[in-house]
Amino acid sequence: MSARSALFSTLLALGVAVVLTAASSVVERIGPEQVSYSNLCGPTGSGECLEPVLAGGFPLAYLIDAPGISVEHQLSFGEDTIRPGPMLLNLCFYWAAGLLVLRWFRHRCPSTRPRAPNREDPPGV
């Protein structure tokens, strides 16, 4: 494999990883992250009210609903909290998966380009 082909494969896998990471935000679940909804809880009425919050992303949740700022129970990249650590780990996960798929595909389906003739090959091959 040439250096140009390797660079193209790496960039292709990275592009697919970015798209899959963004698309994985539709995988939503409630909790285990908790956020403060108000400060009128507890026996004295001065404690924080913590509740589980909607989170999106797969395999790790990286988009967290920000109650009071955005529409509750609806995720949006513009309004909600993006956690960069889990988002980066998701990106690395999808990038590695993409590189493995490309490597498997390249091994399974070798190039159809004609190879250069070898000096040891008999004429006509």
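Which pattern does the protein follow when read along the sequence? The pattern is α-β-β-β-β-α. This is a predicted model. Colour the chain by secondary structure to begin. You should find two helices and four strands.

**Whole chain**

Show the surface. The accessible surface comes to about 9100 Å². Carbon and sulfur atoms hold 65% of that area. Of the 125 residues, 23% count as buried. Now think about contacts along the chain. Among contacts with a separation of 6 or more, 47% are between residues 24 or more positions apart.

**Stop 1: the two helices**

Select residues 3-23, helix α1, and residues 84-108, helix α2. Two packed helices are described by the angle between their axes and the distance between the axes. Here the axes come within 8 Å. They cross at roughly 135°. Angles over 145 degrees would count as roughly antiparallel, and 65 to 115 as roughly perpendicular. The helices α1 and α2 are therefore oblique to each other. Their crossing is right-handed.

Next, show side chains at the contact. From α1, pick S5, S9, T10, L12, A13, L14, A17, V18, L20 and T21. From α2, pick M87, N90, L91, Y94, W95, G98, L99, L102 and R106. Colour them by class. The contact has 12 nonpolar, six polar and one charged residues.

**Stop 2: T21**

Stay on helix α1 and centre on T21. Is T21 buried or exposed? Its relative accessibility is 2%, so T21 counts as buried. What is T21 in contact with, leaving aside its neighbours within four places in sequence? Select Y62, M87, N90, L91 and Y94. Of these partners, M87, N90, L91 and Y94 also belong to the α2 side of the helix contact.

**Stop 3: strand β1**

Move to strand β1, residues 28-41, and click I30. Is I30 buried or exposed? At 54% relative accessibility, I30 counts as exposed. Show its partners too. Beyond residues up to four places away in sequence, I30 touches P52, V53 and L54. Then draw a distance from the C-alpha of I30 to that of E51. The viewer should give 9.7 Å, for two residues 21 apart along the chain.

**Stop 4: two cis peptide bonds**

Most peptide bonds are trans. Two bonds in this model are worth a look for that reason. Remain in strand β1 and select P32. The peptide bond from G31 to P32 is cis, with omega near 0°.

Now jump to P59. Where is P59 found? P59 is in the loop between β2 (47-56) and β3 (63-64). Check the bond that joins F58 and P59. That bond is cis as well, with omega about 5°.

**Stop 5: S70**

Finish in the loop between β3 and β4 (81-82), where S70 is found. Buried means under 20% relative accessible area. S70 has a relative accessible area of 10%, so S70 is buried. Select D65, E79 and D80 around S70. S70 touches these three, not counting residues up to four places away in sequence. Last, draw one more C-alpha to C-alpha distance, from S70 to D80. The two residues are 10 apart in sequence and 6.4 Å apart in space.

Definitions and conventions: Residues numbered from 1 in each chain as written. Predicted model: local features only at pLDDT ≥ 70, side-chain atom pairs only at ≥ 80, totals over all residues. Heavy atoms only, no water. Axes fitted to C-alpha atoms, helices over the stretch in contact; angles between N-to-C directions. Parallel < 35°, antiparallel > 145°, perpendicular 65-115°, else oblique. Left-handed = near helix turned anticlockwise from the far one by under 90°. Contact = heavy atoms within 4.5 Å. Nonpolar A, V, L, I, M, F, W, Y, C, P; charged D, E, K, R; others polar. Buried < 20%, exposed > 50% of the residue type's maximum accessible area, 1.4 Å probe, protein only. Areas by Shrake-Rupley, 256 points an atom, 1.4 Å probe, with all protein chains shown as cover.
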